[in-house]
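Here are a few notes to help you find your way around this model. Please keep the structure open beside you as you read.

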Amino acid sequence: MGKTLSPVELAATDIILCCLNREPLDITSVASLTNSSLQILSNEEKRANFDRYGDAGESQGYSQHQHRQFHRFHEGFYFDESFFHFPFNSERRDTSDEKYLLHFSHYINEIVPDSFKKPYLIKITSDWCFSCIHIEPVWKEVAQELEALGAGIGVVHAGYERRLAHHLGAHSTPSLLGLINGKITFFHSAVVRENLRQFVENLLPGNLVEKITDKNYIHFLSNWKKENKPHVLLFDHMPVVPLLYKLTAFAYQDYLSFGYVYVGLRGTEELSSQYNINVYTPTMMIFKEHIDKPADVVQARDMKKQLIDDFLSQNKFLMVARLTNQRLFQELCPVKKSHRQRKHCVVLLTGEGEKFVEAYDAFLTFAVANTKDTLKFVHIYNDRQPEFADAFLMDEEKYRGKSAVVILERRNNAGKVAYKALEEAWQGSKEDNFILLDLLDQLRTDPNLLSSETVLADLNDELAPMFLIRWLYSTLDYLSDCWDSLFHSNWREMMPLLSLLFSALFILFGTVIVQAFSDSSDPRDSPPSEKEETAAKTEKNDASFSKESNSRIPKKGFVEVTELTDINYNSNLVRLRPGHMNVVLILSNSTKTALLQKFALEVYTFTGSSSLHFSFLSLDKHREWLEYLLEFAQDAAPIPNQYDKHFLERDYTGYVLALNGHKKYFCLFKPHRSGDEGGSPEDYNSSLHAEARGKSSCSPGSRSIKTKLHKLSFWMERLLEGSLQRFYIPSWPALD
């Protein structure tokens with residue numbers, strides 16, 4: 001039942017059976033089988049595949065005919081493994097691996113190129129494999145976990161994909177292997193969850209994420225100009241870099257540089273304080289040309305791969321990236337596909353040195369104010385890309401030693417572009433800004449403004465390593481591949497050569513090795529000295545101390561309240577996801593402690609909702625922002641004019657705002673005053689004036705601070721019910 005019959009043998013079997021049973025001969029079937037056998041015999045490649053794999057190579061899997069061939073002998077007497085209902089048949093096995101199944105062409109054309117963006121964990125399995133069933137629960141758990149983190153998963157059925165299994169070097173089932181950058185590495189440890197995670201993590205390069213502290217963060221962020229990349233800082237309270245961040249760094253290594261800040265470590269206090277980091281919430285910041293303020297920020301209690309990918313894909317390039325190779329030029333300035341999908345590039349042709357800094361800074365300021373989806377700003381160094389610069393400037397005297405600006409549009413992949421250069425050199429003056437802005441406005445309505453055309457050669461790769469370094473890296477990779485193939489992939493073929501090699505080594509150096517082992521003066525037999533014992537004990541104590549310090553984690557079971565600042569304003573309010581609200585407490589420096597304690601007690605029962613976020617706003621810093629918002633709720637808290645003598649004394653501490661960033665509305669909670677359930681706004685404001693004029697710590701005004709949030713929990717219940725009045729706002733003001 002295990003032998004595969006060739007088409008010639010099948011045709012001969014049909015003829016013999018028909019003659020013995022005196023049945024009419026099916027001429028069409030015999031002719032079809034005979035023709036297919038002649039095609040196999042006449043093609044050397046198909047004949048070799050048939051001799052090696054049992055088929056002609058057109059389909060690596062078993063055909064339906066191979067399962068039906070046993071019905072030919074007697075229709076009433078046959079059996080297969082389904083007769084015993086064993087779970088080894090692929091049709092009866094769990095179908096969870098079906099979406100991961102790989103075929104040879106799919107592996108070569110898609111999986112190998114994709115392995116340069118993410119590592120793959122591949123399992124080689126087959127039918128009638130007891131060990132495969134044994135590792136199945138662990139494999140399912142690890143496959144789901146790693147796939148959610150961004151790793152690739154693959155399954156190869158050795159029975160159906162023998163060519164692919166042989167290509168991977170798998171000689172037994174089950175086999176587990178990793179694939180990264182087109183290189184195969186076999187897994188040789190026990191199949192448990194921790195070992196498989198560590199195996200995938202070890203596949204990644206070791207320099208993907210740099211450890212950042214107060215000492216090196218300025219140097220790290222300042223490398224944007226040298227590397228021509230935005231830099232990402234990841235803040236988290238885990239002592240080691242999570243696997244999710246490493247996989248993300250590997251996927252975006254061509255576009256971004258990554259640094260990791262362990263906020264629980266000494267030496268990161270200055271960094272966390274400068275960027276106002278919440279140590280209990282993972283935070284990701286992207287820095288571009290300005291290192292003193294992040295270009296974009298995202299915070300989430302549980303960072304997911306989809307959230308990170310959406311965030312990073314929108315910030316892959318600098319505001320004014322330097323064109324260092326052809327690939328970057330094609331991504332930033334794509335070819336025009338249609339009249340409605342025009343994309344233009346504004347290129348600054350400049351040089352290196354102090355005299356070009358002013359022109360570059362002015363161009364950067366203009367780009368930040370005018371960047372759009374259909375308009376990209378880039379710059380290029382004339383000395384490093386002379387062919388590119390000469391194609392536009394044509395070595396004109398007025399541009400010599402100065403910067404120039406060119407607006408271009410790529411017409412095809414062969415290098416043809418349409419462009420228009422500013423008539424005068426770019427100095428960065430107000431007049432230059434007006435001229436460039438006027439040209440861009442004209443370009444919206446008149447595409448024929450780009451009247452000149454030229455053909456560009458491919459850009460030089462400025463960041464490519466030198467030839468000697470590339471040759472050294474290639475040599476190391478080749479030696480590493482030889483080592484792996486020698487001891488893992490092709491060890492059966494290499495066994496005779498290895499036996500001969502080790503036999504020769506034993507004959508040549510056997511005597512020396514025996515003498516070395518028999519030497520009585522071997523220092524390994526001598527007991528360790530007192531100093532060595534003391535050093536070992538000291539090392540052990542230091543290791544235990546560091547382990548204890550690293551195991552400290554932030555306390556849980558508290559209300560997480562974040563200060564609303566200009567850094568996290570966009571992520572915590574403006575770009576808040578639909579259905580989420582930020583509950584903001586208004587306080588001052590003098591009332592901060594008392595109000596936060598009362599606020600935590602009132603809202604603690606509502607912290608289980610994932611759609612609610614809690615923050616506080618400093619009245620001393622952002623009074624104008626709050627008063628602008630309250631203008632849209634004048635019936636609740638009228639805002640005085642500039643001639644009001646109590647304008648600077650008005651007390652808003654204890655106010656609570658429920659802000660819906662997506663739908664642009666807010667709900668207002670007014671502080672509770674004991675003994676006054678329904679006072680008018682004027683009475684209430686007069687009492688606020690009295691409190692604002694100052695009392696001692698033991699006065700009734702000080703005691704009333706504790707009762708301002710007395711009924712906040714009932715207000716929160718009405719907020720969740722949706723029964724509170726909503727005040728809509730046209731747009732969220734800037735938080736300066």
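1. A good place to begin is a polar contact of 3.0 Å that joins the side chains of Ser-615 and Asn-582. Please bear in mind that the model is a predicted one.

2. Ser-615 is part of strand β18, which spans residues 612-618. Is Ser-615 buried or exposed? Its relative accessibility is 2%, so Ser-615 counts as buried, the cut-off being under 20%.

3. The side chain of Ser-615 also has a polar atom 3.4 Å from the backbone oxygen of Thr-562. Leaving out residues up to four places away in sequence, Ser-615 touches Val-561, Thr-562, Leu-564, Asn-582, Val-583, Val-584 and Leu-585.

4. Now for the nonpolar cores. The largest one has 93 residues, and Leu-312 and Phe-388 have the most contacts inside it. Helix α16 (residues 357-370) gives the most to this core, namely seven residues. A second, separate core of 24 residues has Leu-595, Leu-612, Ala-658 and Leu-719 among its members.

5. Phe-388 deserves a look of its own. Not counting neighbours within four places in sequence, its contacts are Leu-323, Phe-329, Val-347, Leu-349, Ile-380, Leu-408, Leu-456 and Leu-459. Phe-388 also helps to line the largest cavity, as do Phe-329, Leu-456 and Leu-459.

6. How many cavities of 30 Å³ or more are there? The count comes to four, and the largest cavity has a volume of about 70 Å³. Its lining comprises six nonpolar, three polar and three charged residues, with α15 (326-332) and β14 (416-421) each supplying at least two residues.

Note on methods:
Residues numbered from 1 in each chain as written. Predicted model: local features only at pLDDT ≥ 70, side-chain atom pairs only at ≥ 80, totals over all residues. Heavy atoms only, no water. Core = buried A, V, L, I, M, F, W, Y, C linked by side-chain atoms within 4.5 Å. Buried < 20%, exposed > 50% of the residue type's maximum accessible area, 1.4 Å probe, protein only. Helix = DSSP H or I, 4+ residues; strand = E, 2+ residues; numbered from the N terminus. Contact = heavy atoms within 4.5 Å. Polar contact = N/O pair within 3.5 Å; in protein donor to acceptor, adjacent residues only side chain to side chain. 1 Å grid on protein atoms, 1.4 Å probe; cavity = no way out; pocket = protein on both sides within 12 Å on 5 of 7 lines; lining within 4 Å. Points joined across faces, edges and corners; volume = space filled by probe spheres on them. Nonpolar A, V, L, I, M, F, W, Y, C, P; charged D, E, K, R; others polar.
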